[in-house]
Structures are given as C-alpha cells and as structure tokens.
Amino acid sequence: MTDHAWSKAFRLWMFQNGMFELFGQISSDEEIKELLAQKADLSIAKKVLSDNTPSRKLLEELDYSDPYIKELVKAVPLAFQNAPTYKVIEQKDVLEVLVDTFLDKKWFDYLNSYMLKIVNSKKQDYEDIILKIADRSINGKEIAKVIPTLRIDYPNVYVWVRENIERLTSPTDVMLAAFVPKDLPSDINIDIDNISDIKTKGTMDKHSDALAWLRLLIENIKSKEVFNTLVSSLDDIKRMNETLFEQLCEKLAGYHYAGKDFLAKATPKAKMIVLRKKADTTDLWSYYPFTSWPEDIQKEALDILVKRSGISYYNAAQLPENLRYYVFERAEVYAQISTIFNGNHDDLNSLYSKKLSKEVEEVIVKATAANFRGDMGMSFDMKLGYAQKARKYIEEHHIDPSVFRKYLLKLSEDQVRDLIVKRKSFSRAEYSELMASRFKFLAHLVKVED
C-alpha cells in the first residue's frame, strides 16, 4: 500500500478506522488531527510530528492535560513551539519541557512570552520556572512589565531580580518600575551616613526595599529619566534622611540634566555646583541675597556675582554688614587683577607700590612673563616693560610663600641670584621655600628678616 499514492480522503478513512500504515503520506493538519484523535501508536505519532509541524490552529485545539499529548510534547517538543501559551501554562510538566527546549535553543522571545503569561496569571508554585527563564533570558524590559506582580506574588523572583540587576539587559527599566518613593521610611531615623551603606541584598520590608532601589538608581544615573525620577523624589528623601538628601543633591548637581526643577529642590551647595558653571548670572541673581544659605555658600555666590557682573551699591545694601564688607573686598581684588591685565604704566606703578593679596600676587607672578599682555598693537618691548614691572613688585615685597614657591619654579639660577641681589631681605617663609627648592645651594646668600 505504501508504494501507491493514496488520496487524502482515503488516508483519512484509514486513520478513522485505526489503520495507520499510510502515516508517511500525511500532508495536512486534518490528517494529523485525526491521527492524534485516534491515539495512534506513540512511535508513529512522534515520527509524524517530527516530519510535519502542526499549525497554530491545530495546536490551539489540543488538550494538553491529555497524557497522550503530554508524551508527544516530551518526545517532540519543537512540534509544539507555537502551542498557545495560556493553555501550556496550565500544565506545569508540559510547560517545563517547552521552557527547557527554548532555553537550549536560546529562543528568548518564546521564553519571555511564557514568563509574562505566568506572572500575569499569578500561577502558584511556578517560581522555579520564572527564575530559570529570568536567569537565562535576562530581559530587563520584559521583567520591568511585571515588577509589581513579582513583588507581591513571586517574592523570591523579585529578590533575585534586585540582587542580579546588573546582569539584566535594560536594568534601568527594572529600577524605574521597582522604585516606589512613597515607600521610603518616614517615621524613623535610619542609621545611614552614606548612600553606599544602603543594603541591596536579601528579603526586605517595603521601606528597606524602596531604599535598596533608591541606591541602585543613584548608582546608575545613565539617563534623563532616572535623573528626573530622583529629582521628583527629593522631597521624600529629605523627609527620610537629611544626610542622604544632601549627598544626592551634590551628586545630581554634577549632571548636565540639572535644570530649574532640580534647582528648586536642591541644597544651596548643590545649587552652586550648577550655577557656577553658567556664564550667565541670571539664575544666580534669582536667589539674591541668599538669606537662608550657609555663609560660606553665600560668599561663593557673591564672589561670582562680583566677578562676572558686579554688585551695585543698592544691591549690596540688602546684605548684612559682614557680607557688604566681603563684597567690597572681592570687588577690590578683581579691580586690581583687571589693572594688571588692562592698566597702563602709571596704573601699574600705583598698584605695585603697595603689598597686595595672595590672589593678586598669583596673577603678578604670571605677569612676569613677557607674553602675558596680549594687547593688540603692543610691541614686544612694551610687553617686556609690563613684565619687568611685575618682577619689580616681587623684588620689593615679601610675597605669599605659596606664590613664591610657584615663582621659583619659573626662574633660572641666574634669575634667582639676581633676585637675591636686588632683594634687601627674604621673609622667613620665603627663605623656607627657597630652602625647599632646587636652588637651596643659594640660600647662604640670603639675608633673612627677623
């Protein structure tokens, strides 16, 4: 009989009557369905399914609780790769066979589909299968979709995800889905001095869990979405722990995402990290006169305003006396530095006639270089004249020791000898710097001032 090509109708008639000799000629879903319905010998059914892939429609019609079908799934799992997920997950033994097959084939799309269906259906006693899929497929985008359900119904899987977050693809999606700011502790003083002290491993209550995800987000600020999530959570974090709040503000201030929303919530110190980078002082002026800020931060802000835009008498009048005096001092320093860059010979003669601050002297040391003044149309001799005036200042004044140290690094032996000759004396601090330099062998020539 097998040597003859029989019609489909005849083959179906034979199968319906329990005769399966023509199984090798099967060419349709209808025939496969009849063969399975009649429960043909497993060896025959296995051969048919190995050579013919059932359609999705046929797979939809099968009863996967039937021991006969289960045996076929175990024997020819690839024939059932398109079996309906909702039916397969009802039979754990069938599901395990297909999951193992897909893991071996690395068919992660199928695996993720099963994982989502299992979790969303809240199937009990399936954590081992979910863990197996998660461990191999490591698809963060898919896991993120079911994080709330994992937290409640599959706590062991949930802990595994948190502990293995760096292994997942798209870990940020998972962190954003898992972090619940309102679950941060609110009625206790948590004993944490640093973000790195927060634990991220093990089973936790919801407060500790929220803290763990907070740390993971802080350590993985790789997108604007994460940054904005942390900014929107600053009020909850401040309520929980002032130290962590301050640390996070300073960390966030270092990112280019930091804008008005961040500045509205940040500490004064963090505000200044952002604002000092801006060439425009408009945003900084919006906080003037910085009344509630710590004094050191106030002074930094005032210093920037003095240097970049100036502070008028009217604005200075809004400050307390000590800060008005500070503003005047800083304005004087910047005015003196401006003179070094822009003044004429008479201006420099007047400026250099008196002892100046360390900050100004640092500029004077730079001004000893002949190419310091880059004025258009200025001859080399004119530039050299300005440089000589800067050198003369150093010859006539005891300068700050740290500045003197930098100056010595610029000089040759002959220049140091010349300086010693022209100087009436060195201060004890200047002498100590000379003794610590490569020119210590010239120290015997120096007269030290008592």
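**Note on the predicted model: pocket, cavities, core and backbone**

1. The largest pocket holds about 190 Å³ of space, and the coordinates in which it appears are those of a predicted model. Its lining is made up of Thr-368, Ala-369, Arg-391, Glu-395, Tyr-407, Lys-410, Leu-411, Gln-415, Asp-418, Leu-419 and Lys-422. Two or more of these lining residues come from each of helix H26 (380-396), helix H27 (401-410) and helix H28 (413-422), and H28 gives the largest share, with four residues.

2. As to chemical character, the lining of this largest pocket divides into five charged, four nonpolar and two polar residues. Arg-391, Glu-395, Lys-410, Asp-418 and Lys-422 are among the residues that line the pocket, and they belong to the charged class.

3. Turning to enclosed space, the model has two cavities of 30 Å³ or more. In the largest cavity there is about 50 Å³ of space, and the residues lining that cavity are Ile-340, Leu-348, Tyr-352, Ala-367, Phe-372, Arg-373, Lys-383, Tyr-386 and Ala-387. Seven of these lining residues are nonpolar and two are charged, with no polar residue in the set. The largest share of the lining, three residues, comes from H26, a helix that also gives two or more residues to the lining of the largest pocket.

4. Tyr-352 deserves attention in its own right, since this residue lines the largest cavity and is also one of six residues that touch the most other members of the largest nonpolar core. With residues up to four places away in sequence left out of the count, Tyr-352 touches Ile-340, Ile-364, Ala-367, Lys-389, Ala-390, Tyr-393 and His-397. Of these partners, Ile-340 and Ala-367 are named in the lining of the largest cavity as well.

5. The largest nonpolar core comprises 142 residues, and the members that touch the most others are Phe-80, Leu-150, Val-161, Trp-213, Phe-262 and Tyr-352. In soluble globular proteins, nonpolar side chains tend to be buried together. In this chain, buried residues make up 47% of the 450 residues.

6. The second largest cavity contains about 40 Å³ of space and is lined by Arg-151, Ala-178, Val-180, Asp-183, Lys-206, Asp-209 and Ala-210. Its lining divides into four charged and three nonpolar residues, again with no polar residue. Helix H14 (residues 206-218) gives the most to this lining, with three residues.

7. Ala-210, one of the residues lining the second largest cavity, also has a C-alpha atom 8.3 Å from that of Pro-185, although the two residues are 25 positions apart in sequence. Pro-185 is located in the loop between helix H13 (171-178) and H14. This proline counts as buried because its relative accessible area is 2%, and the cut-off for that class is under 20%.

8. On the overall form, the protein chain has 29 helices and zero strands. Its radius of gyration is 40 Å, whereas a compact globule of 450 residues would have a value near 22 Å. The C-alpha atoms fill a box of roughly 125 × 55 × 45 Å along the principal axes. Among contacts with a separation of 6 or more, 57% are between residues 24 or more positions apart.

9. Three places in the backbone merit inspection. The peptide bond that joins Tyr-288 and Pro-289 is cis, with omega about 10°, and Pro-289 is in the loop between helix H20 (282-285) and helix H21 (295-308). Lys-39, a residue other than glycine, has a positive phi near 55° and is placed in the loop between helix H2 (29-37) and helix H3 (42-51). Ile-138, also not a glycine, has a positive phi of about 40° and lies in the loop between helix H9 (127-137) and helix H10 (140-145).

10. Are the two residues with positive phi buried or exposed, or do they fall in between? Lys-39 counts as partly exposed because its relative accessibility is 45%, and Ile-138 is likewise partly exposed, with a relative accessible area of 22%.

How values were computed: Residues numbered from 1 in each chain as written. Predicted model: local features only at pLDDT ≥ 70, side-chain atom pairs only at ≥ 80, totals over all residues. Heavy atoms only, no water. Core = buried A, V, L, I, M, F, W, Y, C linked by side-chain atoms within 4.5 Å. Buried < 20%, exposed > 50% of the residue type's maximum accessible area, 1.4 Å probe, protein only. Contact = heavy atoms within 4.5 Å. 1 Å grid on protein atoms, 1.4 Å probe; cavity = no way out; pocket = protein on both sides within 12 Å on 5 of 7 lines; lining within 4 Å. Points joined across faces, edges and corners; volume = space filled by probe spheres on them. Rg over C-alpha atoms; globule rule 2.2 N^0.38 Å.
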